[in-house]
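This report describes the overall build of one protein chain and then turns to a single residue within it. Please keep the sequence and the structure in view while reading.

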Amino acid sequence: MTPTLFSVSYAGLWGQYRLDLNEFLAKAGKLGYRAVELMGKRPHLSVVDADPATIDGIRQAAASAGVEIATIAGYTNFTLARDSEVPAVEMQIAHVRQLAQFAQQLGAKNVRVFTGYLVQQDGFLRDWEICVRAVRECAVVAADYGIVLGVQNHHDVGVGVESFIEFLDDVDHPNCRAMFDPWTPALHGDDMKSCARRLAPRMVQTTLADYVRLPRHRYVPGLVNYERLEDAVRAVALGDGFVDLDSFFAGLREGGFNGYVAYEMCSPLRGGGSEENLDQTARQSLATILRLSS
């Protein structure tokens with residue numbers, strides 16, 4: 001397995017310290033990561049801003065840092081504007097096409113996509129079909145550039161283990177692979193080893209983050225008591241949270257997975273967003289990935 005650092009971690013989001021892509025590539029190399037995943041939007045690799053000189057600079061920076069560019073991360077939501085006249089699906093397929101071209105030029109193997117958020121409770125099947133058709137078309141577009149399309153279990157459509165497998169089966173394209181992550185099955189209470197073992201043969205990448213639960217309650221004056229609410233979660237270094245990564249990696253090994261293992265700091269992080277805290281968390285998480293994947 002190849003430890004990989006996702007550039008979203010240093011994109012300045014959620015109040016975190018910000019690096020441009022060339023600075024990030026140098027940082028990833030210094031931290032000891034062998035590969036990187038690049039965020040395919042501003043402030044990193046934007047289809048609006050990038051030109052041939054930008055791509056050439058990124059390629060040279062990666063070579064200087066000694067890191068492989070593994071994946072370009074697209075940001076899609078194929079149910080977006082589904083009841084309007086805006087051709088949102090077509091626009092996003094064009095976005096994926098441009099990211100696939102960037103990936104080819106940078107020597108990356110994969111482009112990551114999401115499915116779609118649920119628009120309305122009784123519209124699930126319609127949302128499902130929209131996403132299946134869109135992802136299948138994106139797989140065709142990516143294949144034209146020799147790039148694998150990876151689907152991450154992030155958005156509402158296909159997010160559960162069983163529905164994710166069903167979704168991939170419906171897409172039914174050899175260039176569409178899984179980027180199955182432990183975050184959602186951990187939140188859903190699934191058996192981590194079993195789901196990882198089932199998905200491992202179809203996977204090209206997994207993306208890791210870990211969290212602690214923050215119990216929430218709301219005071220009810222008439223009862224002189226508290227009402228229990230859904231927990232919030234807060235990001236921590238890998239191994240410090242409730243995600244059962246040991247079981248997840250055991251399932252990956254049993255299933256024969258040997259792809260990219262990306263770490264991301266993609267939400268407010270324990271300890272804050274300073275460069276020092278990001279670096280320390282990234283180092284600890286790399287050590288955890290190396291231990292679990294050995």
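The chain contains nine helices and ten strands. The model is a predicted one.

**Overall form**

A compact globule of 294 residues would have a radius of gyration near 19 Å, and the chain agrees with this because its own value is 19 Å. Along the principal axes, the C-alpha atoms occupy a box of roughly 65 × 45 × 40 Å. Of the contacts with a separation of 6 or more, 78% join residues that lie 24 or more positions apart.

The table gathers several values for the chain as a whole.

| Property of the chain | Value |
|---|---|
| Share of the 294 residues that is buried | 51% |
| Exposed area | about 13,000 Å² |
| Share of the exposed area from carbon and sulfur atoms | 49% |

**Charges**

The chain carries 28 positive and 36 negative charges. The mean position of the positive charges and that of the negative charges are 4 Å apart.

**One residue in its setting**

The residue H95 belongs to helix 3, which covers residues 88-106. Is H95 buried or exposed? Its relative accessibility is 19%, and a residue under 20% is classed as buried, so H95 counts as buried.

Which residues are in contact with H95, once its neighbours within four places in sequence are left aside? They are G40, V47, G74 and Y75. H95 is thus a buried residue of helix 3, in contact with these four residues from elsewhere in the sequence.

How values were computed:
Residues numbered from 1 in each chain as written. Predicted model: local features only at pLDDT ≥ 70, side-chain atom pairs only at ≥ 80, totals over all residues. Heavy atoms only, no water. Helix = DSSP H or I, 4+ residues; strand = E, 2+ residues; numbered from the N terminus. Rg over C-alpha atoms; globule rule 2.2 N^0.38 Å. Buried < 20%, exposed > 50% of the residue type's maximum accessible area, 1.4 Å probe, protein only. Contact = heavy atoms within 4.5 Å. Areas by Shrake-Rupley, 256 points an atom, 1.4 Å probe, with all protein chains shown as cover. Lys, Arg positive; Asp, Glu negative; His and termini not counted. Charge placed at Lys NZ, Arg CZ, Asp CG, Glu CD.
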